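Biologist: Could you take a close look at one chain for me, and walk me through what it touches, inside and out? I'd like one connected story rather than a table.

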Amino acid sequence: MAAIIQLENLSKHFSPTIIGVDDVSLSVEDGEFVTLLGPSGCGKSTLLRMIGGFEKPTAGTIRLADKDVTWDPPYRRAVNMVFQDYALFPHMTIGENVGYGLKMMKLGKSEIETSVIDALRLVELQDKIDQRPQQLSGGQRQRIALARAIVRRPKVLLLDEPLSALDAKLRELMQIELKHLHEKVGITFIMVTHDQTEALVMSDRVVVMEAGRIAQEGKPQDLYDHPKSPYVANFIGTTNFLNGTIDSVDGSRAVIGMNGASLNADLETAFSKGAAVTAGIRPEKIRVLADGESAGNVLSGTVAEVIYYGLGLRLSVKLPGGEKVYTDRILPDRLAQTSVPEVGQPVRLGVDPQNVFVFEGRIEP
Amino acid sequence: MSALSRTLAGRGLAKHNLAGAFVVGIPILWIAFFMLLPYGIIVVTSFWLKKYPSFIPDFQFGNYITLFTDPQYVLVILRTLKIAILVSIASFLLAYPFAYYLVFRCKSAALRAWLYMAVIAPLWVSYLLRAYIWKTILGTEGVLNSLLINVGIIDEPSSIFLYNQFSMVVTLTYIFIPFMVMPIYTALEKIPTNLVEASADLGMGPWRSFWHVTLPLSLPGVAAGFTLTFCLSFGDFIAPFLVGGPDGNLIANVIATQFGAALNWPLGSALSIVMLVIVLSIVSLSDRMERKGLTGGL
C-alpha cells in the first residue's frame, strides 16, 4: 500500500510560547483509518486543520498522494472535513448541502442529482433531501455532514471529533456505523478524538499525542498492551502506577523493589540494576486470590473501597506501603455478592510478571 | 385555618395583581395617550375639510385625492422615496465592506473596537451639528472646494456640491450609516466561521464562498439596515432644510409647512398618514424577510 498522506517535520507555533504542533512526522496509508488521540490542547485538532488547509504550518511539509500541498488553500485539496458541529448550511436544504461540493466539479445536473441521492442513501437519509438542517436530529445532521464530505470522493476524509456532540448511546452506535462506512467507501479516514474508546473501537491505527508531539502510535491492541510511557498507559485505559527500584535483573525478568514489597516483571526494554522505575499494572490484570491460591506476584493489602459499576466490581486496595491500587473484576453471574469483599477486609492480589509494564523514572503519585 | 390562609393568599394575589397592573398599565397608558391618541387625531383630521381661514370636521377623501393627483405632492413623495432609496444604497455599499472587514479581516480586537466606536460615536453628537458639518465641507467656501482648487482640478469655487439632492444624499448617508453598520456587523458576527471553512473545504474559492454562504446568511442584517436607514431618511426634516436647497423639499418639510404656514392641517394629516403607511409597509416587508432568513425560507 502507498502512503496517501505524508507529514514531514510538521510544526505549528502560534507564538514562541504557544506551540500547537511540534515537529510531527507521520505517514498514513491509503485506505487506513487513523485516529489522532489526546487530551484537549495536545495539538491533534491543529494537526488535522493543517491537513485540511485551514491552518498554515510554521515548518514542515504535507504531501497528499505524493504532491506537496503544504501551501494549498482548502478548496484546492482533495481532502474533505467533517466538522465538529457539522457546519451544515442553515439556508440550504439537505439536498443542497450535500450537492454543494459538487457545484465546482464540472458535473451535469443529473449527475449531481444522482450523486447526492447515492450519498444520502449511503447514510440512509434519502427521505430528508428537501428538509433543512434545523429539522434534523443531532445524529442525522452528523450523517448529512458525512454524506456531504464523502460525495466529493476525497482522497482523505478528516473527522474532527465527529461524535462528541452525540449522546452516549448514539455515539456507540455511530462508532460502528462509521467503521462500516469506512469499509464501504474505502476512503482514508483521519479522525481526531479525545475519547480513547472511540479510538480503540474504530481505528486501524491510533496516534497518541502529547503537547504537540506524537507520544506513541500503533494498532489499538499494541498501544493498550505495550504502552511506552505512563502517559500513554494512562490515556488508553486505566493503569495503576507504583514507584520502585530495579533490585535485580535476570535476562528479561526483573525484580522491582518497592516500599516493603517486591514485584517480578517481564522487561520489554533493558534496565540496569538500581534504576528508578515506575511499574504499571492494568486493574483488570490484577485478581483477588482465593485462600491458598498463588500467582507470579502476590501483594497483600486491605480493601479501602468497593465500587460497583454494573458490568463488574472495582476494588480500591491499600498496600502496606500506603499506595492504592485498583483491581477490576467482571461479575459473570448475577447476585455473586457472596464473593464481594468488604471494606477493611485483608485481601491478597495476584499479578503475572508479564502483565507488569516497567517505565523509566518515577512519577508523582 | 385554611380559610384564613386562603384569605391571606387572596390578598397576596390581589396585591400582586395590583403591582402587576401598575407595571403594565403605566406604559400602556403612556402609549395610548401619547402615541395612539395623536395618531387617532391625525387620522380623523385627514378627512376634514379645509375651509378658509381654518378647517371644519368632515368625512371626505379630498385630501388624499389631492395628494395623488396634484403633481406637486406626487413629486415630493417620489423625490423622498428616491432620496431614501439612494441613501440606503449608498449606506449599504459603504457599510457592508466595512462591517465585513471588522468581522472577518481585522485581526486586532482593539482596532476592531476602535473602528466600531468610530462609527457609533457620531450618534452621540448633535444631529444638527453633523448636518452643519457637511455645509462647511460642501459649500463654496468649503473644504472640498479648496481642496479641488489646490489640487488644480478646478479654478474657482463651485457651487454644485451644496443645496441639491447630491448634498442631501451625502449628508443623510453620513448621518444614518451607523444604523446600517450595526445590524450588518451583528449579522456577520453571528455567522459561524466553520460554515465559511466548510464552503472552502467543499471546493469554493473565497468569492464563491462569500456569494453562496456569507452574503445569504447576512441578509437579515442587510434587510434591517435598509429598513432603518430608509425609514429614517424617508422622514428626515433637517437635512433638506440645511443642505437641500430650493427643490430639495421632502415629505417631512411639506408636512411641517401644511401644519404651519399653509395652515392646512387636513392635508398635512393626510400626507402624514401616507408616509406612515409607506414606512409601515417597508417595516413589515423587512420583518417578513428577516423571518424568512431566520428559518431558512420556511
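Modeller: Let's say up front that two residues are in contact when they have heavy atoms within 4.5 Å of each other. Keep in mind, too, that this is a predicted model.

Let's start inside chain B, which splits into domain 1, residues 1-45, and domain 2, residues 63-294. The C-alpha centres of these two domains sit 40 Å apart. Where they do meet, four residues of domain 1 of chain B are in contact with eight residues of domain 2 of chain B. Together the two domains bury about 440 Å², and 78% of that is on carbon and sulfur atoms. On the domain 1 side, Tyr39(B), Ile42(B) and Thr45(B) supply 87% of the area buried against domain 2, more than any other three residues. If you go looking for electrostatics between the domains of chain B, the salt bridge count is zero. Polar contacts come out at zero residue pairs as well, with both residues required to be at pLDDT 80 or more. That goes along with the make-up of the domain 1 side touching domain 2 of chain B: three nonpolar residues, one polar and no charged.

Next, a helix pair in chain B. Helix 4 (residues 109-120) packs on helix 8 (residues 178-190) at an angle of about 145°, and their axes are 9 Å apart. Helix 4 of chain B brings Arg112(B), Tyr116(B), Val119(B) and Ile120(B) to the contact, while helix 8 of chain B brings Pro178(B), Val181(B), Met182(B) and Tyr185(B). Sorted by class, that makes seven nonpolar residues, no polar ones and one charged.

Now for the outside, where chain B meets chain A. Here 22 residues of chain B are in contact with 24 residues of chain A. The two chains bury about 2,000 Å² between them, 63% of it on carbon and sulfur atoms. In chain B, the residues that lose the most area to chain A are Glu197(B), Asp201(B) and Leu202(B), together 33% of what that side buries. Glu197(B) turns up again in a salt bridge with Arg49(A), with the closest N and O atoms 2.6 Å apart. The rule finds one salt bridge across the interface of chain B and chain A, along with eight residue pairs in polar contact, both residues at pLDDT 80 or more. As for where the chain B side comes from, helix 9 (193-201) and helix 10 (206-234) of chain B each supply at least two of its residues. By class, the side of chain B that touches chain A has 11 nonpolar, eight polar and three charged residues.

Conventions
Residues numbered from 1 in each chain as written. Chains lettered and ligands numbered in written order. Predicted model: local features only at pLDDT ≥ 70, side-chain atom pairs only at ≥ 80, totals over all residues. Heavy atoms only, no water. Domains from an automatic or database assignment. Buried area = accessible area lost by both parts, 1.4 Å probe. Salt bridge = Lys/Arg side-chain N within 4 Å of Asp/Glu carboxyl O. Polar contact = N/O pair within 3.5 Å; in protein donor to acceptor, adjacent residues only side chain to side chain. Nonpolar A, V, L, I, M, F, W, Y, C, P; charged D, E, K, R; others polar. Axes fitted to C-alpha atoms, helices over the stretch in contact; angles between N-to-C directions. Helix = DSSP H or I, 4+ residues; strand = E, 2+ residues; numbered from the N terminus.
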